[in-house]
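Here is a walk through one protein chain, written for someone who would like to know where to look first. Have the viewer open and follow along at your own pace.

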Amino acid sequence: MKKLIFLGSALLLITSCNQSRDTRGIPGPEEVEARMPDTIRDPEHEAAELKKQGYQTFLYGEGEQQQLMQQYFIVFLKRGEDRGQDSLTAAKLQQEHLAHLERMASEGYLSMAGPFGDEGDIRGIAVYNTPNFEMADSLARLDPMVVAGRLAIEVYPWWAAKGSALK
């Protein structure tokens, strides 16, 4: 009798764990359509749209391997001449600096930013997504750390595939 109860319990457990798609709501691998990651569908159209907005672009490659290259601007955030602020002022400037970078990102002007991991003269970088050098330079100079002289900037044009990501 114990064997019969054990067998019945095991069978019930196995069937309850083997749920179908309808009860779980998750399709199996055979039902999932394979697709490419989100990429630019029509690079020529995207290039034309960016050009209307003043961005510099070019197409690189052929066929399905074609990439839309866009000019971005890398801003090197360097150690500034005026680093004599007290710790309270420096901490406040750091908060304002991070708020500035967050604002630039939320408004679509900043693609990426971060500090370097050493104590060298270059403290960090920011990659600006703007149509021209003057705009990137102007936005970077609005950073409270730059205004206070704690950081200085150098801006350089830089090309990257539109939509590319760090890996």
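What follows is a short tour of a predicted model, from the overall fold to single side chains.

## The chain at a glance

Let's start with the overall layout. The chain holds 6 helices and 5 strands, and reading along the sequence gives the order α-α-α-β-β-α-β-β-α-α-β. Of its 167 residues, 28% count as buried.

The surface and the contacts can also be put into numbers. About 12300 Å² of the chain is exposed, and carbon and sulfur atoms supply 56% of that area. Among contacts with a separation of 6 or more, 65% are between residues 24 or more positions apart.

## How the strands pair

Strand 2, residues 67-79, is a good place to begin. Strand 1 runs antiparallel to strand 2, and 4 bridges join them. Within this pairing, Phe-58 sits opposite Met-69 of strand 2, and Thr-57 has Gln-70 of strand 2 as its bridge partner. The hairpin made by strand 1 and strand 2 has 6 residues between the strands, and Gly-61 there adopts a positive phi near 95°.

Strand 2 also pairs with strand 5 in the antiparallel sense, over 11 bridges. Here Tyr-72 is matched with Trp-158 in strand 5. Another antiparallel pairing, over 6 bridges, links strand 2 with strand 4, residues 122-128. In that pairing you can find Phe-73 opposite Tyr-128 of strand 4.

## The nonpolar core

Which residues of the largest nonpolar core touch the most other members? They are Val-75, Leu-110, Tyr-128, Ile-153 and Val-155, out of 17 residues in that core. Two or more residues come from each of strand 2, helix 4 (87-106), strand 4, helix 5 (133-141), helix 6 (144-147) and strand 5.

Leu-110 deserves a click of its own. Setting aside neighbours within four places in sequence, Leu-110 contacts Leu-101, Met-104, Ala-105, Ala-126, Val-127 and Tyr-128.

## A nonpolar patch on the surface

Now turn to the outside of the model. Phe-58, Tyr-60 and Trp-159 make a nonpolar surface patch of about 320 Å². Tyr-60 belongs to strand 1, which covers residues 57-60. Is Tyr-60 buried or exposed? Its relative accessible area is 55%, so Tyr-60 counts as exposed, the cut-off being over 50%.

Gly-163 is another exposed residue, at 71% relative accessibility. You will find Gly-163 in the segment after strand 5 (151-161). Its C-alpha atom is 9.2 Å from that of Met-69, although the two residues are 94 positions apart along the chain.

## Salt bridges

Side chains of opposite charge can pair when their charged atoms come close. The count for this model comes to 7 salt bridges, and a few of them are worth a look.

Two of these pairs sit within helices. Lys-52 and Glu-49 form a salt bridge with an N to O distance of 3.3 Å. They are 3 residues apart in helix 3 (residues 43-52), so about one helical turn separates them. Lys-52 is exposed, at 66% relative accessibility, while Glu-49 is partly exposed, at 29%. In helix 4, Lys-92 and Glu-96 lie 4 residues apart, about one turn of the helix, and their side chains meet at 2.7 Å, N to O. Both ends of this bridge are partly exposed: Lys-92 has 48% relative accessibility and Glu-96 has 29%.

What about a pair from distant parts of the chain? Lys-78 and Glu-154 form a salt bridge at 2.7 Å, N to O. Lys-78 lies in strand 2 and Glu-154 in strand 5, 76 residues apart. With relative accessibility of 24%, Lys-78 is partly exposed, and Glu-154, at 27%, is partly exposed too.

Key: Residues numbered from 1 in each chain as written. Predicted model: local features only at pLDDT ≥ 70, side-chain atom pairs only at ≥ 80, totals over all residues. Heavy atoms only, no water. Patch = residues over 30% accessible without salt bridge, like charges linked within 9 Å, V, L, I, M, F, W, Y side chains within 5 Å. Areas by Shrake-Rupley, 256 points an atom, 1.4 Å probe, with all protein chains shown as cover. Salt bridge = Lys/Arg side-chain N within 4 Å of Asp/Glu carboxyl O. Buried < 20%, exposed > 50% of the residue type's maximum accessible area, 1.4 Å probe, protein only. Pairing = 2+ DSSP bridges. Core = buried A, V, L, I, M, F, W, Y, C linked by side-chain atoms within 4.5 Å. Contact = heavy atoms within 4.5 Å.
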